[in-house]
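Thanks for making the time this morning. I would like to walk through a few local features of this protein, moving from charged pairs to the spaces inside it and then to the surface.

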Amino acid sequence: MELDGRVVVVTGGTRGVGAGIARSFLEAGAEVVVCARRPPLEPVAVQGRTASYAALDLRDPAAVREFFEGVGLRHGRLDCLVNNAGGTPYRLLGEGEAERHARVVELNLVAPMTAALAAYPHLREAHGSVVMIGSVSGTRPSPGTAAYGAAKAGLENLARSMAVEWAPEVRVNSLVLGMVRTELAHLHYGDEAGVAAVGATVPLGRLAEPADVGAAAVFLASGRAGYVSGASLLVHGGGERPAFLDAATVNKGS
């Protein structure tokens with residue numbers, strides 16, 4: 001298969017988007033290690049192949065360095081790091097102290113940098129790559145998740161700088177995600193009617209599935225993207241229809 005013999009780490013790979021990414025790499029033939037603070041409810045597996053799991057708090061730099069040393073010792077190499085772990089609760093800026101918002105930045109920006117720095121010596125030896133999982137929240141206003149949006153904007157810029165500093169041995173790219181349907185989608189969009197209504201706002205007519213993200217991540221990690229570095233690939237179904245088009249009283253033709 002496409003990534004036979006390759007070793008991939010997916011942070012936050014035990015559920016949702018991260019599990020979908022891990023399954024896509026398993027399907028492509030890679031050996032996959034998923035890490036998170038809590039184990040998956042069931043093993044991350046597909047087609048008879050299973051990802052290994054390691055408990056890890058990405059906000060603990062010493063533990064992160066120890067984890068990647070262990071991956072190198074057990075597997076003998078590391079070909080790709082997918083920095084997927086992250087997230088945020090909905091919280092308006094005025095409803096939380098600066099320290100609470102700073103923790104969101106720590107998880108979504110500082111932790112991926114910590115992981116990438118710890119993985120770098122192994123990736124450099126393998127001429128591997130890093131895939132940052134970004135968000136459209138980092139490209140537009142993000143009310144209610146402002147710290148998250150700021151962190152994702154910083155992550156995309158960090159990836160571009162890494163791509164320059166670490167070339168030619170290590171490629172670094174970003175996937176900029178729109179809305180994704182996961183097992184937690186109801187927390188963001190409501191019941192099935194809400195999910196369908198939100199999906200209808202996307203030009204392609206639906207939310208992304210985790211497998212859509214996984215396919216894009218596999219591409220960026222593969223030889224087919226061998227000349228792609230410092231890039232941001234939009235995985236958002238065409239984006240969002242500008243609100244003013246629906247508010248305007250002219251040009252209503254389809």
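Let me begin with Arg160, which is partly exposed, its relative accessible area being 40%. Please keep in mind throughout that what we are looking at is a predicted model. Arg160 is joined by a salt bridge to Glu156, with 3.0 Å between the closest N and O atoms, and both residues belong to helix 4, where they sit four residues apart, or about one turn of the helix. The partner, Glu156, has a relative accessible area of 12% and is therefore buried, since the cut-off for that label is under 20%.

That pair is local, so to speak, and it is worth setting it beside others, given that the whole structure contains nine salt bridges. In one of them the side chains of Glu2 and Arg224 come together, at 2.8 Å from N to O. Because Glu2 lies in the segment before strand 1 and Arg224 in the loop between helix 7 and strand 9, this contact ties together parts that are 222 residues apart in sequence. As for the setting of the two, Glu2 is partly exposed at 39%, whereas Arg224, at 57% relative accessibility, counts as exposed.

Another salt bridge connects Arg49 with Glu31, the closest N and O atoms being 3.2 Å apart. Here Arg49 is in strand 4 and Glu31 in strand 2, 18 residues apart, and the pair links distant parts of the chain. Glu31 is partly exposed, with a relative accessible area of 39%.

Let me turn to the internal spaces. How many cavities of 30 Å³ or more does a search of the whole structure find? The search finds one, and the space in this largest cavity comes to about 50 Å³. Its lining includes Arg91, His101, Thr145 and Tyr148, and by character the lining residues divide into five nonpolar, four polar and one charged. Helix 3 and helix 4 each supply at least two of these residues, with helix 4 giving the largest share, namely three.

As for pockets, the second largest has a volume of about 250 Å³. It is lined by 16 residues, of which Gly178, Val202, Val235, His236 and Gly237 are the closest to its centre. That lining is made up of seven nonpolar, five polar and four charged residues.

Finally, the surface. Val110, Met113 and Leu117 form a nonpolar patch there, with about 230 Å² of accessible area together. Leu117 is found in helix 3, and its relative accessibility of 49% makes it partly exposed.

Terms used:
Residues numbered from 1 in each chain as written. Predicted model: local features only at pLDDT ≥ 70, side-chain atom pairs only at ≥ 80, totals over all residues. Heavy atoms only, no water. Patch = residues over 30% accessible without salt bridge, like charges linked within 9 Å, V, L, I, M, F, W, Y side chains within 5 Å. Areas by Shrake-Rupley, 256 points an atom, 1.4 Å probe, with all protein chains shown as cover. Salt bridge = Lys/Arg side-chain N within 4 Å of Asp/Glu carboxyl O. Helix = DSSP H or I, 4+ residues; strand = E, 2+ residues; numbered from the N terminus. Buried < 20%, exposed > 50% of the residue type's maximum accessible area, 1.4 Å probe, protein only. 1 Å grid on protein atoms, 1.4 Å probe; cavity = no way out; pocket = protein on both sides within 12 Å on 5 of 7 lines; lining within 4 Å. Points joined across faces, edges and corners; volume = space filled by probe spheres on them. Nonpolar A, V, L, I, M, F, W, Y, C, P; charged D, E, K, R; others polar.
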